[in-house]
Amino acid sequence: MFAKAKQLNIFERSKISYAEIDKELKVELAVLGGLDIFTNAHVLGVANNTSKICEAMGFDHALSKQCILGAYMHDVGKIKIPSNILQKNGKLTDEEFEIMKLHTVYGYEICMSYEQFKYLAPIARYHHENLDGSGYPDHLTDDEIPEEAKLIKIADIWDALTQRRQYKEGFKPSKAADILLGDIKKGKTGSKYLYYLLLCVIDEYEDKNKGNIKELKETQDHLVDLKDLDKIYKQIYDRGYSESLAKKLKKYELPAGYDLSTNTNLLAKTNKKIEKLIQVIKDTQDEIVTLKKQCKEAKSLITRKEEWNVSLFGRKI
Ligand SMILES: [Fe+2]
């Protein structure tokens with residue numbers, strides 16, 4: 001699998017249809033009845049990150065579907081955690097955290113109680129385990145942790161770090177990558193899935209910046225027109241209407257009531273917009289440069305064991 005992944009061109013990778021898989025999953029998850037997994041922002045974020053990793057790794061439809069379903073079910077045990085702990089606005093006490101940790105065991109039990117979700121039970125139980133045994137609930141180490149739980153763990157942490165919630169701002173991707181690279185160096189987490197996720201994030205940021213650059217170009221073109229109009233209006237104010245100036249104005253098909261002050265306001269707004277866009281483009285470019293370095297680092301931290309010893313849901317990849 002990894003030999004294939006090394007040659008992976010992320011711009012030509014096969015697209016998994018997340019929207020399509022999502023539709024299929026809605027049907028499968030309907031058996032959970034009142035449990036509305038599809039409106040939980042965190043669960044949706046984890047499913048989305050999981051689909052990115054699956055896509056970057058070139059998984060087929062069936063395997064991607066299993067992984068994304070695992071993402072939907074990973075925190076299902078939280079329905080058994082009291083809401084005063086689950087929704088607490090602030091740090092949990094040690095005692096509360098011990099109760100919170102139980103969502104892994106509850107999730108395992110829930111998955112095991114449905115024939116069609118049994119194979120996902122290890123994800124629910126082990127997505128908070130660390131390679132060095134410092135995780136929970138069973139303090140498993142490296143080889144004992146199922147690969148699918150390792151994958152969902154990265155998707156989970158990435159969402160928790162980067163997404164904005166009512167009570168906190170999200171970190172930018174490079175900060176999240178920094179934190180995860182720290183965990184990897186401490187021996188808590190593997191690097192492979194972060195590497196693939198970063199490939200996708202970089203891809204998205206590059207697309208985003210292409211859109212920003214296009215918008216800047218259009219806005220700058222618009223500014224040229226506004227400056228031209230400014231000149232025409234000033235000439236009208238100085239010298240009065242002439243046939244040639246009226247002709248020039250007509251070229252612009254201006255709405256009724258458009259005058260020098262409308263144009264002056266628009267000019268100021270457009271200048272501000274350009275300034276803002278230039279800053280956004282610069283910041284995004286800086287972020288891409290950092291992410292590319294981190295992606296390279298994540299790749300260099302992938303161990304041989306991670307490269308070759310990979311089986312998801314019992315299937316060699
Ligand atoms: Fe969790």
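Two residues are taken to be in contact if their C-beta atoms, placed from the backbone, lie within 7 Å. With that criterion in hand, the tour of this predicted model can begin.

**Stop 1: L197.** Select L197 and display its surroundings. Leaving aside residues up to four places away in sequence, L197 touches N49, K52, I53, I154 and W158. Two of these names recur below: I53 in the core and W158 in the contact between α9 and α10.

**Stop 2: the largest nonpolar core.** Now select I53, M73, C111, L194, L197 and L198. Within the largest nonpolar core, which has 48 residues, these six touch the most other members. To see where the core draws its residues, colour the helices α3 (41-56), α4 (61-73), α7 (103-112), α8 (121-126), α9, α10, α11 (192-239) and α13 (260-300); each of these elements gives two or more residues to the core. Which element supplies the largest share? That is α11, with eight residues. As a general background, nonpolar side chains tend to be buried together in soluble globular proteins.

**Stop 3: L198.** Remain in helix α11 and select L198. Is L198 buried or exposed? A residue counts as buried if 20 or more other C-beta atoms lie within 10 Å of its own; L198 has 29 such neighbours and is therefore buried. Next, add A298 to the selection. L198 and A298 are 100 residues apart along the chain, yet their C-alpha atoms are separated by 8.6 Å. Apart from residues up to four places away in sequence, the contacts of L198 are A177, L291, Q294, C295 and A298.

**Stop 4: α11 against α13.** Show both helices in full. Two packed helices are described by the angle between their axes and the distance between the axes. For α11 and α13, the angle is about 160 degrees and the axes are 8 Å apart. Since angles over 145 degrees count as roughly antiparallel, α11 and α13 are therefore roughly antiparallel to each other. Their crossing is left-handed. Sorted by class, the residues of this contact are 26 nonpolar, 10 polar and eight charged.

**Stop 5: α9 against α10.** Select residues 147-162 for α9 and 173-185 for α10; the axes of these helices come within 9 Å and cross at roughly 135 degrees. α9 and α10 are therefore oblique to each other, and their crossing is right-handed. To inspect the contact itself, display I157, W158, L161 and T162 in α9, which meet P173, A176, I179 and L180 in α10. Seven of the contact residues are nonpolar, one is polar and none is charged.

**Stop 6: the loop between α8 and α9.** Most residues other than glycine have a negative phi, and most peptide bonds are trans. This loop merits a check of both features. P137 is located here, and a cis peptide bond, with omega about 5 degrees, joins Y136 to P137. H139 is placed in the loop between α8 and α9 as well. Although H139 is not a glycine, its phi is positive, at about 50 degrees. H139 has 12 other C-beta atoms within 10 Å and is therefore exposed.

**Stop 7: E253.** Finally, move to the loop between α12 (243-250) and α13, where E253 is found. What is the phi of E253? Its value is near 45 degrees, which is positive in a residue other than glycine. E253 counts as exposed because it has 7 C-beta neighbours inside 10 Å.

How values were computed:
Residues are numbered from 1 along each chain as its sequence is written. This is a predicted model: local features need pLDDT of at least 70, side-chain atom pairs count only at pLDDT 80 or more; totals for chains, interfaces and linings use all residues. Axes are lines fitted to C-alpha atoms, for helices over the stretch in contact, and angles run from 0 to 180 degrees between N-to-C directions. Helices (H or I, at least four residues) and strands (E, at least two) are DSSP runs, numbered from the N terminus. Angles under 35 degrees count as roughly parallel, over 145 as roughly antiparallel, 65 to 115 as roughly perpendicular and the rest as oblique. A crossing is left-handed if the near helix is turned anticlockwise from the far one by less than a right angle, and right-handed if clockwise. Ala, Val, Leu, Ile, Met, Phe, Trp, Tyr, Cys and Pro count as nonpolar, Asp, Glu, Lys and Arg as charged, and the others, Gly among them, as polar. A nonpolar core is a set of buried Ala, Val, Leu, Ile, Met, Phe, Trp, Tyr and Cys residues joined through C-beta atoms within 7 Å.
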